[in-house]
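Colleague: I've got a structure open and I'm not sure where to begin. Can we go through it together, one question at a time?

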Amino acid sequence: MPDLPKKKVGLISCSGEELPEGTVTRRAVRKVLETLCPDDTVTLCLPLVLAGGEGERTFARHYPTIAVDGCEKRCAALATEKYSAKPAASIVVTEIAKKCGCGAIGTARRLNEAGLRLADEVAGKIAEETDRLLKKKPGRAVQEADRGKP
Amino acid sequence: MSGSKRRIPVVACSGIGKSLGAAAREAAFILTEDLRPEKTKIVALGLLVLGDEEARREVAGGPAIAIDGCKLACAAAGLGCSGAADVCRVAVFDVLRSHRGLKPEGVCDLNEDGLKLARAAADEAAKIVDNIDAEDGHA
């Protein structure tokens with residue numbers, strides 16, 4: 001058998017600088033990459049996708065991606081679809097925030113406690129989608145992280 | 001016309017893979033919130049490049065500041081194709097070269113050196129703001 005590259009999921013956050021929800025996308029994506037699903041995910045740099053980075057665009061053409069957007073303008077999802085392929089999953093922070101009823105979350109520069117909790121909530125959703133796309137047991141990533149086995 | 005002076009748009013790369021992108025993002029916040037809040041404002045790179053009309057109006061026809069983390073200069077490229085008349089660049093990796101002792105780490109939470117690097121980049125950007133102001137005769 002040839003040694004095929006492991007299937008990974010690409011995470012693209014909008015990182016919007018104008019809204020605190022943009023900061024939530026960044027923090028959530030980094031948590032998934034560093035703690036929840038370090039073996040199953042990579043991050044794709046949205047500015048690089050937009051600026052013509054062929055490596056990022058090619059990855060997103062051939063591997064499943066999850067777009068994580070701060071607001072309903074959905075820059076990360078739209079850019080991924082425009083330059084590569086439709087994301088396999090799309091998460092919008094304002095929609096999750098509405099469901100959580102978490103109120104004010106701080107500023108784009110500094111999230112408050114509610115903002116940090118929202119980022120954790122979003123990270124959990126991203127991990128769930130990652131498990132679904134890779135056909136892994138649902139909730140596995142969060143359970144392993146809770147047991148200290150990233 | 002309202003007569004109010006145009007605030008200089010600031011676009012940061014916000015790259016998520018490296019500390020230098022995070023420092024670029026933090027530098028944009030330091031500039032627009034602490035150093036020159038009356039004269040500058042952040043415009044989101046994603047919105048701008050995807051053609052959001054409001055973001056494009058903010059940058060059209062005047063000078064703008066790009067703060068980039070790496071040599072790929074995505075923020076400058078985004079501004080360049082979005083109607084900015086003059087793109088003034090701050091490159092965090094160049095700022096790091098002139099502050100060789102700094103070892104920036106972290107992305108969501110920059111370490112102390114990362115924050116110092118961001119402050120140094122923001123200081124460079126503030127000089128650009130002052131130069132633009134002086135050229136406009138408003139110094």
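Colleague: What percentage of the 150 residues in chain A is buried?

Modeller: Keep in mind that this is a predicted model. To count as buried, a residue needs 20 or more other C-beta atoms within 10 Å of its own. In chain A, with its 150 residues, the buried share comes to 49%.

Colleague: And in what order do the elements of chain A run from the N terminus on?

Modeller: There are seven helices and four strands to place in chain A. Starting at the N terminus, the order is β-α-β-α-α-β-α-β-α-α-α.

Colleague: Why is chain A as compact as a globular protein of that length?

Modeller: For 150 residues, the globule rule gives 15 Å. Chain A comes out close to that, so it's as compact as a globular protein of that length, with a radius of gyration of 15 Å.

Colleague: How many residues of chain B are in contact with chain A?

Modeller: On the chain A side, 24 residues take part. That side divides into twelve nonpolar, five polar and seven charged residues. Helices H1, H2 and H4 of chain A each supply at least two of them. From chain B, the number in contact is 25.

Colleague: Are H1(B) and H6(B) parallel, perpendicular or oblique to each other?

Modeller: These two helices pack with their axes 8 Å apart, at an angle of about 55 degrees. Roughly parallel would need an angle under 35 degrees, and roughly perpendicular 65 to 115. H1(B) and H6(B) are therefore oblique.

Key: Residues numbered from 1 in each chain as written. Chains lettered and ligands numbered in written order. Predicted model: local features only at pLDDT ≥ 70, side-chain atom pairs only at ≥ 80, totals over all residues. Axes fitted to C-alpha atoms, helices over the stretch in contact; angles between N-to-C directions. Parallel < 35°, antiparallel > 145°, perpendicular 65-115°, else oblique. Contact = placed C-beta atoms within 7 Å. Nonpolar A, V, L, I, M, F, W, Y, C, P; charged D, E, K, R; others polar. Rg over C-alpha atoms; globule rule 2.2 N^0.38 Å. Buried ≥ 20, exposed ≤ 12 C-beta atoms within 10 Å, placed from the backbone.
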